[in-house]
Structures are given as structure tokens and as C-alpha cells.
Amino acid sequence: MSGLADKVAAALSLARARLQLRGTKHGARVRCHGRILVHGRAGIEVGSRTTFLAGIFPTELRCENGAELVIGPNSTFNYGVSIVARRSIRIGARCIFGSLVHIRDDDGRRIAPVSLADGVWLAHRAIIEPGSTIGEGSVVAAGAVVSGTVPPRSMAVGNPARCMPLEAVEPPQAPITQRDGEPAAVRASRDEVRAAIIEWLDDTRHFGEAASLITSDFVSLRRNGLLDSLGLVQLVVMLEERFGVSLDRDLLLANPEGQSLNTFLDLVAGTKEARS
Amino acid sequence: MWQLSGVTARRIAVRLFHLRPLFAGWRVKLEGDVFVKGKNWTPGPGRLYIGRGVRLIGEPAPIELRAHEEGGIWIEDGVLIEGGTSIEATRSVRVGARSRIGPFCKILDNHFHAVGDRRQPPESVPIVIGEDSLLGRAILLPGAEMGAGARVGPAGVLSFHLRAGAELA
């Protein structure tokens, strides 16, 4: 019964896409499960096997006279995505659009083309401003506002968005051990490392209150809302860059709940001692 | 005993006319009187528990409460949910009593795509929102926990534990 219902829904989605995207240049097997508002059909191109999902808001594709709005094949759109092109918006293949993503190439002051490479993933309520370029395979986090260039295979977080390599966020495939033959650039004591971590927390998250929040070295950084999971990764990257060490990320990310300041002190100072 | 009280009548009306789809009413457990305005979507096969005196204001934008297979959404007594809010549960989302969820909030307990292999959905992490907490146009990602009376301001993105009474702007 559910198999039959799925087949009917699939056939309906194909028919609905043909109806709603009439007049645009669209490829084969485009599916549409919900409502799409389409304006300026002549300039819109939708690649084959693109899917538009249903939800509480309609998806909006708007293309002014003489502008172009090109969507590559095999992309997926969640509900409420809004794309408005005054000059040019080009989207590559295999992109994933979360709900309520906004893309504009005109913010009322300037008009600049926007281009997204293949395999870009925009999470819920990401906003892409005019003149943005997003590289292949990059991820834009939920609620981020991008204005500028995001390099390939990186993650853009925050408002305004800052980028970090995807490898820093991705769980590593094989355990990363110490790199051989690289001398430690800076020799740090436990106090220096502690000061660096507190300074970093002050700069990025707690604005002068970090020292009072960390009452002892053994307080869990995750449990008390001092640090989110992404922050833990950012902290690891910061320590590696600053002290020229290579931390065992497997060990750190395996049990993120239990990580305290002491763990980091042990790891950074420990690697230093092992080398010297 | 067999009289249809005003409360019961309203419960039936809520089941039949506001919480959709119509024939999925059996998986929605209503504890008492529920005030519903505008359009409310409850797609998905999971369970939905709505406590006493919950207000769902689906205006000007609709509310989406989507519980996936084996997932459940628990909305405790006296919660206010405003329009445009979307809650998706693949395992569990709990909203504590008397909390207020502002307009256009998004609450997710799964990212649905992993950073490495996008076709492989990652593990769900349950979301717990404490009593008397306040959310305004925020995004709650997997792993978000709010203590009692915590607040997340507009444009706030939370994916970690927020202590009781703390505020994330």
C-alpha cells in the first residue's frame, strides 16, 4: 500500500514540476513536492533530476528581465528557499539547499553576480549576499551570512561568515598521530597554554568572563556551556597553529563531553616534553 | 460522564480540523485543552504529545511539528509556540513547561547529512528545552540543551548546553 502511495506521489511530483516550471528551461525528471513561485520564466534554467521538497513555505525563484538564474542538475531544495536574480546567479550540480535559504545578487546598493560551485551545502536559513562565490564541496552552516569568497572544501560559520577547512570539522578517517620530523615551534609551559586558552575563550566567546567561568582545570568545557562541539574543533586548530604541535583529534573528539582544560594542558605540554 | 464538555469538544475539534493530516489523529496525544490558531502541520509518522494549555499560534505563518519514524515531540503544559516555527524530531525533542518559542524558530535533532558522506545521515542527539525558557527566531541544532529559564535571542544558533538562566544573544 505504501509502495503504491510512493509511486503515486512520485508521479504527481513530476507532473507538478512540469506545471509549475512551465516556460522555464528545465531538464528531465525534475520533481516538485510543494509549491514554487516562479517569476521571469525566460531566464530560469533548472537542471535535470533537481528536487523541490514541500513544507510550510513556498520556494521562490525570481529572475528579472535580462538576468540569468541557472541551477545545475541533481540539486535538492528544501522548502522556503528564495533566490532572486537581478543580473546573474549560477548554482552548480549536486547542491543541497536547507530550508529558508536566501540568495540575492542585489541588496539595494550594489548588484554583483553570485556563483556556487558543485556540491555546495547551504544549511537552514543561510544567507548569501551579492558578489559571493562559494567553492566546490563547501558547507555554509545554519544561520550564517556569507558575503565574499568561501574557498573550496571549507565551512563558513557565523555572521559575517568566517571560513575553516572542512578537514578540521570532519571526523578523521585514520587516527592522526604526531607528524614526524617536525620540531615544536614554540616551547610552552602549562601556564602559557592555560593563558592562551583563556585568552582565546575571551576573544571568541565569553568576552572577558572566561577566567571567572573556569573555576578549576578539571571543569568540563562542554558541560558548562563554555564551548560547543564546533568550538572544541576550533580550539584544537588554534592550539596546533599557535604551539606548533599536532594533537590526537581522535582522542579529543571521541569523548568531547569529558574534555577539561587539564586534558588540553596535558596534551600540549605532553607532546612538548615527549619531543624534548 | 457521557456529556461532551466544552474542553472535550475543543479537543475533538483540534484533532479533526487543525492538526493535520486528518487521519493521523491517533498518534497525537492531547492531554487537555489546547488553543490553536491558524494552520498547523503535523506531518510524519512519529508521536506527538501536547500538554495542557498549550497555545499554537499558526499566524501569520504556519507551524510545523514533524516527528519522523521512531521520533517524538513532547510539548509540556502551557507552552506557547508562534508562527513559522518548525520542529523536526528523529529521536526526541522536549519543550519544557511554560516555555515560549518565538516566531520562525527551527529546532532539529539531526543534521540529516554528514559533513563527509552527505548521503549518510548522522546520529540524532536529543534536544531538551528547560522550563520557562525563551527562544526568539533562533536555530537549535542537535545537542542543544537549555536549562530552566535560559534564553536564546534572535539569530542565535545553539548546539551545546546552555546553563539555567543564561542568555545567548
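## A walk through a two-chain model

Chain A exposes about 13,100 Å² of surface, and carbon and sulfur atoms supply 52% of that area. Keep in mind as you look around that this is a predicted model. Let us stay with chain A for a moment. Its secondary structure comes to seven helices and 21 strands. Of its 276 residues, 47% count as buried. You can also ask how the chain folds back on itself: among contacts in chain A between residues at least 6 apart in sequence, 34% join residues at least 24 apart.

Now turn to chain B. Here the secondary structure comes to one helix and 19 strands. Chain B has 169 residues, and 50% of them count as buried. The exposed surface of chain B is about 8,100 Å², with 56% of it supplied by carbon and sulfur atoms. If you take the contacts in chain B with a separation of 6 or more, residues 24 or more positions apart account for 23% of them.

Next, find the place where the two chains meet. The contact takes 27 residues from chain A and 28 residues from chain B. Between them, the chains bury about 2,100 Å², and 62% of this buried area lies on carbon and sulfur atoms. Which residues of chain B lose the most area to chain A? They are B:Val115, B:Arg118 and B:Phe160, which together make up 29% of what that side buries.

What holds your attention next might be the polar side of this interface. Seven residue pairs are in polar contact across the interface of chain B and chain A, counting pairs with both residues at pLDDT 80 or more. The count of salt bridges between the two chains, on the other hand, is zero. On the side of chain B that touches chain A, strand β5 (residues 54-67) gives the most, with five residues. Sorted by class, that side of chain B has 13 nonpolar, eight polar and seven charged residues.

Let us zoom in on one residue of chain A, A:His124. Look for it in the loop between β14 (121-122) and β15 (127-128) of chain A. Is A:His124 buried or exposed? A:His124 counts as buried because its relative accessibility is 7%, and the cut-off for buried is under 20%. Leaving out residues up to four places away in sequence, A:His124 touches A:Gly98, A:Ser99, A:Leu100, A:Ala142 and A:Gly143, and also B:Lys106 and B:Ile139 of the other chain. With one of these residues, A:Ser99, there is a side-chain link: a polar contact of 2.8 Å joins the side chains of A:His124 and A:Ser99.

Our last stop is in chain B, at B:Ser99. This serine is found in the loop between β9 (92-95) and β10 (100-101) of chain B. With a relative accessibility of 1%, B:Ser99 counts as buried. Its side chain reaches the backbone oxygen of B:Gly96 at 2.6 Å. Setting aside neighbours within four places in sequence, B:Ser99 is in contact with B:Gly78, B:Val79 and B:Leu80, as well as with B:Ile129, B:Gly130, B:Glu131, B:Asp132 and B:Ser133. For a sense of distance, try finding B:Ser159 too: B:Ser159 and B:Ser99 are 60 residues apart along the chain, and their C-alpha atoms are separated by 18 Å.

Conventions. Residues are numbered from 1 along each chain as its sequence is written. Chains are lettered from A and ligands numbered from 1 in the order in which they are written. This is a predicted model: local features need pLDDT of at least 70, side-chain atom pairs count only at pLDDT 80 or more; totals for chains, interfaces and linings use all residues. Side-chain values use heavy atoms; hydrogens and water are left out. Contact means heavy atoms within 4.5 Å. Buried area is the accessible area (1.4 Å probe) that two parts lose on being put together, summed over both. A salt bridge is a side-chain nitrogen of Lys or Arg within 4 Å of a carboxyl oxygen of Asp or Glu. A polar contact is a pair of N or O atoms within 3.5 Å; within protein, one must be able to donate a hydrogen and the other to accept it, and residues adjacent in sequence count only if both atoms are side-chain atoms. Helices (H or I, at least four residues) and strands (E, at least two) are DSSP runs, numbered from the N terminus. Ala, Val, Leu, Ile, Met, Phe, Trp, Tyr, Cys and Pro count as nonpolar, Asp, Glu, Lys and Arg as charged, and the others, Gly among them, as polar. Buried means under 20% relative accessible area, exposed over 50%, partly exposed in between (1.4 Å probe, protein chains only). Accessible areas come from the Shrake-Rupley method with a 1.4 Å probe; for residues, only the protein chains shown count as cover.
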